[in-house]
Amino acid sequence: RRIDSVALDRDATLRALAAMIDGMLEEHGVARGDVIGVGLSIPAFFIAGGRQVNAPEPLRDWSLVDLEPVVSAALGLPVTIQNNATAAAIGENLLGVGRWARSFCYLDFGYGFGSGVILDGKPYTGRHGNAGEITFSVPGVNPASRPALRYLLEALQALSVPVATIAQLRQSFDPAWPGVAAWMEGVKPALDQIVNVLAGLFDPDAIVFGGELPPALGRALIDNASFWDREHR
């Protein structure tokens, strides 16, 4: 199910999610007592030993609180919270390249940018839950040099392309839009660095370009990526 019109504040979102869950259980004849729990993914950096998150500005209402008991109380179910890039990598592991790749890195392109890591068929989250925060490998002088779709959206809007959200960008993407080629060249240095760092650190079977990337843009970014191979004896 998808909810497009929920306000960004936490309470309104949780009320909408609780109503959605109740409707799904009733529709499919599932007793609430038979539900094991809820997995919640959020684009955020874990802090306070993994009990709190520091999320992007639009999700500030979800930040700096102990989310697990808050969400569990609102939904009436046990809750496990995971970074959205790792959650996406888990889904890819179950239904995508994980069917043939035991180890891969998943690049999560969305409003922000992150990555998830699957090693030997299992998600690797690191000591604090922040494994895959590969953006830290890119110098932060110009945030727009990161391959986050928020900056592509802003560039398109500045050129009067009629896209208002990341979801709309994915749905109606046109490679010929003004600003697309310039954005790709602008993020190429950072993306090349990220791809090569992941390849060198983890030696994976694959690097997946995922998240909310329009497929045509994903293919173009892959074609534009460079591996820094060097000759060896």
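**Exercise 1: the main core**

Find out which residues have the most contacts inside the largest nonpolar core, and which elements build this core.

*Solution.* Step 1: get the term straight. A nonpolar core is a set of buried Ala, Val, Leu, Ile, Met, Phe, Trp, Tyr and Cys residues joined through side-chain atoms within 4.5 Å. Buried means under 20% relative accessible area, exposed means over 50%, and partly exposed is in between (1.4 Å probe, protein chains only).

Step 2: know your model. It's a predicted one, so local features need pLDDT of at least 70 and side-chain atom pairs count only at pLDDT 80 or more, while totals for chains, interfaces and linings use all residues. Residues are numbered from 1 along each chain as its sequence is written, and side-chain values use heavy atoms, with hydrogens and water left out.

Step 3: look at the core. The largest one has 29 residues, and L107, F109, L149, W183, L217 and L221 have the most contacts inside it. Two or more residues each come from β5 (104-109), α4 (149-158), α5 (166-172), α6 and α7. With eight residues, α6 gives the largest share. Helices (H or I, at least four residues) and strands (E, at least two) are DSSP runs, numbered from the N terminus.

Step 4: check for another core. There is a second, separate one of 19 residues, and A18, A55, L67 and I81 are among them.

A general remark to keep in mind: in soluble globular proteins, nonpolar side chains tend to be buried together.

**Exercise 2: two core members up close**

Work out which residues L217 touches and which residues of α4 are buried.

*Solution.* Step 1: start with L217. Contact means heavy atoms within 4.5 Å. Skipping residues up to four places away in sequence, L217 touches L149, L152, F173, V180, W183 and M184.

Step 2: move to α4. Its buried residues are L149, Y151, L152, L153 and L156, and they pack against β5, α5, α6 and α7.

Step 3: see what comes after. α4 is followed by S160, which has a positive phi near 65°.

**Exercise 3: α6 meets α7**

Describe how helix α6 and helix α7 pack, and say which residues make the contact.

*Solution.* Step 1: take the geometry. Helix α6 (residues 180-202) and helix α7 (residues 215-224) pack at an angle of about 50°, and their axes are 10 Å apart. Axes here are lines fitted to C-alpha atoms, for helices over the stretch in contact, and angles run from 0 to 180 degrees between N-to-C directions.

Step 2: name the arrangement. Angles under 35 degrees count as roughly parallel, over 145 as roughly antiparallel, 65 to 115 as roughly perpendicular, and the rest as oblique. So α6 and α7 are oblique to each other.

Step 3: list the residues. From α6 you get V180, W183, M184, E185, K188, L191 and D192, and from α7 you get L217, A220, L221 and N224.

Step 4: sort them. Ala, Val, Leu, Ile, Met, Phe, Trp, Tyr, Cys and Pro count as nonpolar, Asp, Glu, Lys and Arg as charged, and the others, Gly among them, as polar. The contact then has seven nonpolar, one polar and three charged residues.

**Exercise 4: α1 meets α2**

Do the same for helix α1 and helix α2, then zoom in on V70.

*Solution.* Step 1: helix α1 (residues 10-28) and helix α2 (residues 67-75) cross at roughly 45°, and their axes come within 9 Å. They are therefore oblique to each other.

Step 2: α1 brings R10, L14, L17, A18 and I21 to the contact, and α2 brings L67, V70, V71, A74 and L75. By class, that's nine nonpolar, no polar and one charged.

Step 3: V70 sits in helix α2. It counts as partly exposed because its relative accessibility is 30%. Leaving aside neighbours within four places in sequence, V70 is in contact with R10 and L14.

**Exercise 5: positive phi**

Where do L64 and D120 lie, and are they buried or exposed?

*Solution.* Step 1: recall that most residues other than glycine have a negative phi.

Step 2: L64 has a positive phi near 60°. L64 lies in the loop between β3 (52-54) and α2, and at 55% relative accessibility it counts as exposed.

Step 3: D120 has a positive phi near 50°. D120 is in the loop between β6 (113-119) and β7 (122-124), and D120 is exposed, with a relative accessible area of 55%.
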